[in-house]
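Dear colleague,

Here is the structure you were to receive. Please look through it first; my notes on what was found in it follow below.

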Amino acid sequence: MTIRFVSAAILACTLLGACAEGPFRDFYLGRRGGESYLEEGLRQYEDGNYRVAARRLQFGLEEGLSRADRVKAHKYLAFIACISGQQMTCREEFSIALDLDPKFELDSAEAGHPIWGPVFKSVKASKRL
């Protein structure tokens with residue numbers, strides 16, 4: 001009986017691992033929680049796949065993330081919106097991040113970015129009023 005149980009467990013793990021690729025990938029990612037979507041969203045962002053990145057970040061928010069990870073997701077959603085010329089959405093995403101963490105700041109390289117740096121600075125200033 002123990003050998004059957006161990007064999008079944010190994011088979012189940014192997015099959016679940018196979019789901020991480022191919023047509024079952026989204027299903028598998030969703031079952032691992034919001035953090036996996038956040039990680040995938042950040043990878044897609046770094047690769048320049050902004051549409052996919054935004055979708056993954058949204059999925060992560062829907063699946064549930066820690067407060068710090070929600071701030072990070074909204075920060076990258078703001079970056080994507082700014083890059084895409086969606087100024088209002090960019091402002092809204094930064095505003096949400098600041099509502100979650102009023103002490104949130106961009107790092108020096110991000111703050112100096114010519115597209116989203118001024119937007120963040122403006123949103124941050126409006127939150128102080």
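**Aspartate 101 and the loop around it**

Aspartate 101 has a relative accessibility of 29% and therefore counts as partly exposed; buried means under 20% relative accessible area, exposed over 50%, and partly exposed in between, with a 1.4 Å probe and protein chains only. The residue sits in the loop between helix 6 and helix 7. Helices here are DSSP runs of H or I with at least four residues, strands are runs of E with at least two, and both are numbered from the N terminus. Aspartate 101 is separated from alanine 68 by 33 residues in sequence and by 8.0 Å in space, C-alpha to C-alpha.

Lysine 103 is also placed in the loop between helix 6 and helix 7. At 73% relative accessibility, lysine 103 counts as exposed. Its C-alpha lies 9.5 Å from that of lysine 124, and the two are 21 residues apart in sequence.

**How to read the model**

This is a predicted model, in which local features need pLDDT of at least 70 and side-chain atom pairs count only at pLDDT 80 or more, while totals for chains, interfaces and linings use all residues. Residues are numbered from 1 along each chain as its sequence is written, and side-chain values use heavy atoms, with hydrogens and water left out.

**The protein overall**

The protein has eight helices and zero strands. Of its 129 residues, 36% count as buried. About 8,200 Å² is exposed, and carbon and sulfur atoms supply 57% of that; these areas come from the Shrake-Rupley method with a 1.4 Å probe, and for residues only the protein chains shown count as cover. A contact means heavy atoms within 4.5 Å. Among contacts between residues at least 6 apart in sequence, 50% join residues at least 24 apart.

**Helix 8**

Helix 8 covers residues 117-128, which is 12 residues, and spans 17 Å from its first C-alpha to its last, close to the 16 Å expected at 1.5 Å a residue. The expected span is 1.5 Å times one less than the number of residues. Which residues of helix 8 are buried? They are Gly117, Val119, Phe120, Val123 and Lys124. These residues lie on the same side of helix 8 because they cover an arc of only 165° around the axis; the arc is that of the directions from the helix axis to the C-beta atoms. As a general point, an α-helix has 3.6 residues a turn, so residues three or four places apart point the same way. The cover over the buried residues of helix 8 includes helix 5 (67-83), helix 6 (87-100) and helix 7 (108-111).

**Helix 3**

Helix 3 has 13 residues and reaches 18 Å between its first and last C-alpha, close to the 18 Å expected at 1.5 Å a residue. Its buried residues include Tyr37, Leu38, Gln44 and Tyr45. Glycine 48 follows helix 3 and has a positive phi, near 85°.

**Aromatic pairs**

Rings of Phe, Tyr and Trp (its six-membered ring) pair if their centres lie within 6.5 Å; planes under 30 degrees apart count as stacked, over 60 as edge-to-face and the rest as tilted. By this rule there are nine aromatic pairs. One of them joins tyrosine 45 and phenylalanine 79, a tilted pair with 6.4 Å centre to centre and 40° between the planes. This pair links distant parts of the chain, with tyrosine 45 in helix 3 (residues 34-46) and phenylalanine 79 in helix 5, 34 residues apart. Tyrosine 45 is buried at a relative accessible area of 10%, and phenylalanine 79 is buried at 1%.

Phenylalanine 94 and phenylalanine 120 form an edge-to-face pair, 5.1 Å centre to centre with 70° between the planes. Phenylalanine 94 lies in helix 6 and phenylalanine 120 in helix 8, so the pair ties together parts that are 26 residues apart in sequence. Both are buried, phenylalanine 94 with a relative accessible area of 0% and phenylalanine 120 with 5%. Ring pairs link Tyr45, Tyr50, Tyr76, Phe79, Phe94, Phe104, Trp116 and Phe120 into a cluster.

**The disulfide**

The structure holds one disulfide, defined as a pair of cysteine sulfur atoms within 2.5 Å. Cysteine 82 and cysteine 90 form it, with their sulfur atoms 1.9 Å apart. The torsion about the S-S bond is about -65°, so the disulfide is left-handed. Cysteine 82 and cysteine 90 are both buried.

Regards
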